[in-house]
Amino acid sequence: MITLYGTPLSGHAHRVRLLLSMLGLDYHFEVVDASSPELRHINPLGQVPVLRDGDLVLADSNAILVYVAKAYGAGTQWLPDDPVGAAHVQRWLSIAAGELRQGPAAARMVALFHKAGEPADARARAAKLLGFMDAFLRGRSYLAADCPTLADLACYGYTAHAPEGGISLDPYPAVRAWLERIEALPGFVPLPWRE
């Protein structure tokens, strides 16, 4: 049995949950506190998500996505085998870990959790990224290929929840249309909104 450790509101955990669901895999979602000794035991960095699959314990959402796609998604479109396709996916995984995390995700962390240490210019970073994504998605259905890939799953959650950080998606029609396409995929599970 696969166990995914995380928190329900984590966009990083959500991207893994999306892939597990879209592949139709059985797994257990173990809710953990990011500062708990239990989590620090399996990931000394104290970050979620962490995936346990048999003897394998793997941290970092993007690394987990690659592992799950390779281990359980053979013959699917989630991680292309060709060098160019794989490079396009990697580019967006890097954007998810960089610009998306430092923009929309950081603004959300401050607004929802009053998290200190986030970039002071997170909203400006978010506007720059969302403008880039909107222009990029004009005439395209997905980020890295003609079909959904890990790139789309990695970027979905924090983009969709940018409004929780005070960032309107109204100026970005191509981004909104892309979000709707992801939400229409078989196996889609929503990232909960904070109540």
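When I say helix today, I mean a DSSP run of H or I that is at least four residues long, numbered from the N terminus. By that reading, M109 belongs to helix α4, which covers residues 83-113. Please keep in mind, everyone, that we are looking at a predicted model.

Let me start with the overall picture. The protein has seven helices and four strands. Read from the N terminus, the order of elements is β-α-β-α-β-β-α-α-α-α-α. The C-alpha trace spans about 45 × 40 × 30 Å along its principal axes. For 195 residues, a compact globule would have a radius of gyration near 16 Å, and the protein has 16 Å, so the two agree. Of those 195 residues, 49% are buried. As for contacts between residues at least 6 apart in sequence, 67% of them join residues at least 24 apart.

Now, strand β1, residues 2-6. Is this strand enclosed or open? Five of its five residues are buried, so β1 is largely enclosed by the rest of the structure. That goes for both faces: I2, L4 and G6 are buried on one side, and T3 and Y5 on the other.

Which strands pair with β1? One is β2, residues 27-31, which runs parallel to β1 and is joined to it by five bridges. Between these two strands the chain passes through helix α1, residues 11-22, and this β-α-β crossover is right-handed. The other is β3, residues 50-53, antiparallel to β1 and joined to it by four bridges. Y5 is a handy residue to click on here: its bridge partner in β2 is E30, and its partner in β3 is V50.

On to the nonpolar packing. In soluble globular proteins, nonpolar side chains tend to be buried together. Here the largest nonpolar core has 55 residues, and the ones touching the most other members are L19, W78, W92, L143, L150 and W178. Elements giving two or more residues to this core are β1, α1, α3, α4, α5, α6 and α7. Which element gives the largest share? That is α4, with nine residues. The core also draws at least three residues from each of domain 1, residues 2-73, and domain 2, residues 83-184.

Take L150 as an example from that core. Setting aside neighbours within four places in sequence, L150 is in contact with L19, L65, V66, A69, W78, L79, V89 and L93. Apart from the largest core there is another one, of six residues, with Y5, V32, L39 and V50 among them. So that you can place them again, Y5 and V50 are the bridge partners I mentioned a moment ago.

Two more residues before I stop. T159 sits in helix α6. Is T159 buried or exposed? Its relative accessibility is 0%, so T159 counts as buried. Beyond its neighbours within four places in sequence, T159 is in contact with L100, L130, M133, L169, V175, W178 and L179. W178, remember, was one of the residues touching the most other members of the largest core.

And back to M109 in α4, where we began. Leaving out neighbours within four places in sequence, its contacts are R101, H114, K115 and E118. If you would like a distance to check on screen, the C-alpha atoms of M109 and E164 are separated by 8.8 Å, with their positions 55 residues apart along the chain.

How values were computed: Residues numbered from 1 in each chain as written. Predicted model: local features only at pLDDT ≥ 70, side-chain atom pairs only at ≥ 80, totals over all residues. Heavy atoms only, no water. Contact = heavy atoms within 4.5 Å. Buried < 20%, exposed > 50% of the residue type's maximum accessible area, 1.4 Å probe, protein only. Pairing = 2+ DSSP bridges. Right-handed = clockwise from strand over helix to strand, strands pointing away. Core = buried A, V, L, I, M, F, W, Y, C linked by side-chain atoms within 4.5 Å. Domains from an automatic or database assignment. Rg over C-alpha atoms; globule rule 2.2 N^0.38 Å.
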